[in-house]
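Me: I've got a protein model open and keep tripping over the labels people use. Can we go through what they rest on?

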Amino acid sequence: ISIVFFDSLWIKTNKGMTKSLVSEIYTFIEAYKNEANYNKEKLTDLYYQNFQLNIKYIENESLPTLKSERWFSPIDRTLRRELKLKFNNYWFDTLSYKEMIIVKINYQNGILQFSFPKNRVTNTSARIFALWITLPAFLLIAISLIFLKNQTRPITNLAKASAKFGRGEEL
């Protein structure tokens with residue numbers, strides 16, 4: 001029960017983190033469109049410093065056509081769901097780099113490429129939680145087996161003695 005509870009909590013946490021990240025990307029694009037009020041270089045530097053978003057505008061490029069969709073990956077599934085709510089044309093890659101995710105979004109005559117650390121969209125404490133649940137469980141099982149063995153030993157000895165007594169053997 002506790003694993004199901006914490007797994008659902010973990011999924012909600014990852015969903016909230018992903019939703020926040022996609023909102024930051026959306027806010028950046030809306031500010032980036034408004035050329036008159038914002039210096040684009042300053043804006044990209046600000047987002048890099050504050051949100052760990054490395055942003056590049058690549059002119060005259062289109063989104064890759066090949067999508068490596070992993071339907072059973074929680075990161076991919078949540079990222080796909082949140083990006084679909086805000087953008088029509090997007091592409092992302094969670095496999096090419098071990099610790100980075102790349103998101104590409106159509107923008108005017110090119111694409112905006114966002115790269116950010118995976119820890120922005122996933123909670124790393126799930127493995128630690130699994131370790132903290134399983135190790136004490138196995139420890140308690142081992143202790144209970146030792147305890148039960150010590151508790152049943154006198155009863156089995158008594159049963160053997162009564163069987164010998166019933167057969168008329170010497171104790």
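Reply: Sure. Keep in mind that this is a predicted model. Let's begin where α2 ends: Q52 follows that helix, and its phi is positive, near 60°.

Me: How do you know that the length of helix α2 is close to what is expected?

Reply: Helix α2 covers residues 40–51, which makes 12 residues, and its first and last C-alpha are 16 Å apart. At 1.5 Å a residue you'd expect 16 Å, so the span fits.

Me: What makes L43, T44 and Y47 one side of α2?

Reply: Those are the buried residues of the helix. They cover an arc of only 95° around the axis, so they sit on the same side of α2. It helps to know that an α-helix has 3.6 residues a turn, so residues three or four places apart point the same way. On the other side of α2 you'll find exposed residues: E41, K42, Y48, Q49 and N50.

Me: Why is D76 called buried?

Reply: Buried means under 20% relative accessible area. D76, in helix α3, has 1%, so it counts as buried.

Me: What makes the pair D76 and T94 a polar contact?

Reply: The cut-off is 3.5 Å. The side chains of D76 and T94 come to 2.6 Å, so the pair is within it.

Me: And why is I141 called partly exposed?

Reply: Its relative accessible area is 46%. Partly exposed lies between under 20% and over 50%, so I141 fits there. I141 belongs to helix α4, and with F138 and L145 it makes a nonpolar surface patch of about 340 Å².

Conventions:
Residues are numbered from 1 along each chain as its sequence is written. This is a predicted model: local features need pLDDT of at least 70, side-chain atom pairs count only at pLDDT 80 or more; totals for chains, interfaces and linings use all residues. Side-chain values use heavy atoms; hydrogens and water are left out. Patches are made of residues with over 30% relative accessible area and no salt bridge: like charges are joined within 9 Å, nonpolar side chains (Val, Leu, Ile, Met, Phe, Trp, Tyr) within 5 Å. Accessible areas come from the Shrake-Rupley method with a 1.4 Å probe; for residues, only the protein chains shown count as cover. A salt bridge is a side-chain nitrogen of Lys or Arg within 4 Å of a carboxyl oxygen of Asp or Glu. Helices (H or I, at least four residues) and strands (E, at least two) are DSSP runs, numbered from the N terminus. Buried means under 20% relative accessible area, exposed over 50%, partly exposed in between (1.4 Å probe, protein chains only). A polar contact is a pair of N or O atoms within 3.5 Å; within protein, one must be able to donate a hydrogen and the other to accept it, and residues adjacent in sequence count only if both atoms are side-chain atoms. The arc is that of the directions from the helix axis to the C-beta atoms.
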